[in-house]
Amino acid sequence: MGAFSLPQFLAKLRGGLVSPMALHRMGVLGMNARNINYIARYNDRDKYPIVDDKLSTKRAAKRSGIPTPELIAAFETQPSRSQVLKVIEPLWQFVVKPARGSGGKGILVVVGRDGDKYRKPSGAEVTAQDILRHVSNITSGLYSLGGKPDRVMVEALVDFDPVFDNYSFEGVPDIRVIVFRGFPVMAMLRCSTHDSDGKANLHQGAVGVGIDLATGRSCHAVQRGLRINRHPDTEMPFGKLQVPGWRDLVRLAASCYEMTGLGYLGCDIVLDRRRGPLLLEANARPGLAIQVANGVGLAGRLQHIERFDLEQLEKNVEERVSYSMRQFAASRTLR
Amino acid sequence: MSPRAQVYILAALLALMGAGLTIYKNRDLGFPLLPGEYRTVWTIEAKVRFTADGDPVKAALTLPREQRNMQVLNESFSSSGYGFNVISEDDEHRAVWSRRSATGPQSLFYQLDVHQTPGAPLEQPLDLSTGVEKPFLGAREQEAVRQAIYSLVDTARERSADVETLTTQLLTALGDPRNQDRNLIFGYYKDRSLVDVALLVLAVADIPAHRIRGLYLEDDRRRLDPEDLLEVYDGKRWVVFEPHSGSPGVPENFFIWQRGGKSLLDVEGGRNSRVTFSVISNDVPAREVSMLSTSREKEALVDFSIYSLPIEQQSIFKLILLVPVGALVVVLLRVFVGLRTSGTFMPVLLAIAFIETRLFTGLSIFVLILILGLWVRFYLSRLNLLLVSRIAAVVVTVVILMGAISVVSYKLGIEQALTVTFFPMIILAWTIERMSIVWEEDGPYEVVVQAGGSLLVAVLAWWVMTNHYVEHWTFNFPELLLVLLGLILVIGNYTGYRLAELMRFRQLVK
């Protein structure tokens, strides 16, 4: 046994924990502070239905001229077997999702067909029977918050822009932008991996790639809390990643503020090969993993905007996008 | 006012109100702050005996007045075949037993429970006659005794400054067997007690005085005769003297039965009447003593509370009152630690089940039902059922599993597992349903994390809820719930980091 050293002992005792003071200095936003200072303060309860129900989101987006994936059919109540079959029969690729699913639950993606078999992105095959059951599960409220009866949406599969092909394994790469009072403040790309089983959830092993708001280039990438430079499955270096049409994407995110009226908002956006950025869904309670992906705390940026006067807050979308891209540029990129 | 300030003010008000009520109940009503406090309760039984001759009988026993430092908790009378009532005359309560005719030895009982509280024993001023009736000592044969009494009084008066010291001097002299005057007096009044003689002497000395009858409360005493104290008026107030020691003040443990006044017992139509006392002490939980003493006074706080419910409902409330504590544990663990659980307050319900089943039985039954239920649920999911029917099917499965567990374990001789019925079935079924979704969506690892988190919270909640002190406080001081509510409100305002976040965001610091 060596000499007893108090700091060393404390460090050991603390294990992987960092001090709350250090987090505070870094401007990291915690869950409690997010709930009280941002969600409760800036998101009016009566505006939640617009984002909690994806059919409403779609309708609102249409009114505001925000592009979304094409809706093929929606079932308000438990559809009959023939109704569902009539909808999916002529389709080769489609997505079945609950209108009020939370956390990406209950989304069934079909990427191809082989006679009666429908192929999922993982290569697994499901039958029409399975799809019918899935629809029935959704309508009974299995995936909705509190088990309320839900509606089913059948959407066209997004024709993903091939720019991300090598950055995602089996899954859907989407870009999450946090918009605070209309100003985009942070963005990340979520890449699924073999480890995450095709899912884009960071805590399940997906890669979170911080995207520089100014340029659309990656500035930081993290998997399971560790910094990485290449995609673990495809070995593609993230340094080469550049989101095409970045300003359009940021503008789309910023215009979601007018569409939803929510002050603290997370927009999930995908890139379609032909149509460009499409709004997948909006979220009134966006998670905090984006800070880990970017390696930067959110609190500083949010406080910066909280200090704005009325005149600054009344800027239009274009002005806000320009301001954010200038103000919240990453200090360095992964190049 | 900002919502935050409102929360703090509201929480402070709630906490003050709860704490105030608690202190009031502890201080004024005597509810014990700590569990396991016992108070001594004396059970005193007066037995009236006499021989009846077949004539109409009437027996009257003076009942004890309420002594200030003795709380009467309960009293009962027993007298088979006798009519009974309590009459009050001249500030005195008397129990009167009556019967048209009785023969042979008769026994009547009066029993009361008293509890000694701190404070002065007697009320001042007392509205008692301060007149002195001079005894007649003029007869010829009383010459010697008269001289002795006068000499005793003169000596005492010389050696004293006021009534109090004079009384002490007189009593000391009367207790001194070497004192010639004293021996002469007692020689003349052979059948008189010390107090009788003392009263006589005091009357000669022109000091108003009377007798106090009572008992020394000592455990396990039977067939006691009442003992006497002397009470003397010093011109302003009444002072009690213990006759044998001559010291002023009511002795500790002395229970005053009758102060001044008439006889203790009057019997008409009987002979050889006598009253004897027996005393036992019981150690009774402090709460029961408070309950008894407050229920007599109809204390609103107690009368309109859960204590007024029947015992069976009270025991249900004992459990219900623990739920907020469990909720507080959940709040703490979620807000400060950031544990993930399946269903926000499901762990509290689990914890309540654990209270009934004991921890290890409860844990093993829960895990067993969860595993079996998940297994059945996976099969059900292949059957293409509607959600409601599927969950109902899981509920039925859970019930069958519970029945099976009970029967099998009973046959095996494990009685503990019979408590399985305390598990909330619907909650279990929903838990199974949620877990199976989590399994399908996020994999078995997430199931283990969430089930483990729920169990951890449930065990912690169980641990707090079964705490001796917590149980005592929630049941005896339900107003502490207001304090708890205030605390929860304040926690609801916490914007700092969670413990789990110190881990989650650690890369950001490096």
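Helices here are DSSP runs of H or I covering at least four residues. On that basis, residues 387–408 of chain B in this predicted model come out as 100% helix and 0% strand, with the end C-alpha atoms 31 Å apart. Residues 477–497 of chain B are a more mixed case: 57% helix and 0% strand, with 33 Å between the end C-alpha atoms. Both stretches appear under "transmembrane region" in the unreviewed UniProt entry, whose list for chain B also includes residues 6–24, 319–339, 359–380, 414–432 and 444–465.

Residues 444–465 of chain B also make up helix H14. Its 22 residues reach 31 Å from first C-alpha to last, close to the 32 Å expected at 1.5 Å a residue. The buried residues of H14(B) are B:Val447, B:Gln450, B:Ala451, B:Ser454, B:Val457, B:Ala458, B:Ala461, B:Trp462 and B:Met465. Looking down the axis of H14(B), these buried residues fall within an arc of 140°, so they line one face of the helix. What they pack against is a set of other chain B helices: H9 (323–337), H10 (346–357), H11 (359–380), H13 (425–442) and H15 (468–476).

Then there is the contact between the chains. Here 31 residues of chain A are in contact with 24 residues of chain B. On the chain A side, the elements giving two or more residues are helices H2 (20–25), H3 (31–42), H7 (128–139) and H9 (289–294). H3(A) gives the most, with five residues. By residue type, the side of chain A that touches chain B splits into 13 nonpolar, 14 polar and four charged.

Note on methods:
Residues numbered from 1 in each chain as written. Chains lettered and ligands numbered in written order. Predicted model: local features only at pLDDT ≥ 70, side-chain atom pairs only at ≥ 80, totals over all residues. Contact = placed C-beta atoms within 7 Å. Nonpolar A, V, L, I, M, F, W, Y, C, P; charged D, E, K, R; others polar. Expected span 1.5 Å × (residues − 1). Buried ≥ 20, exposed ≤ 12 C-beta atoms within 10 Å, placed from the backbone. Arc of directions from axis to C-beta. UniProt positions renumbered as here; feature names shortened; annotations may be inferred.
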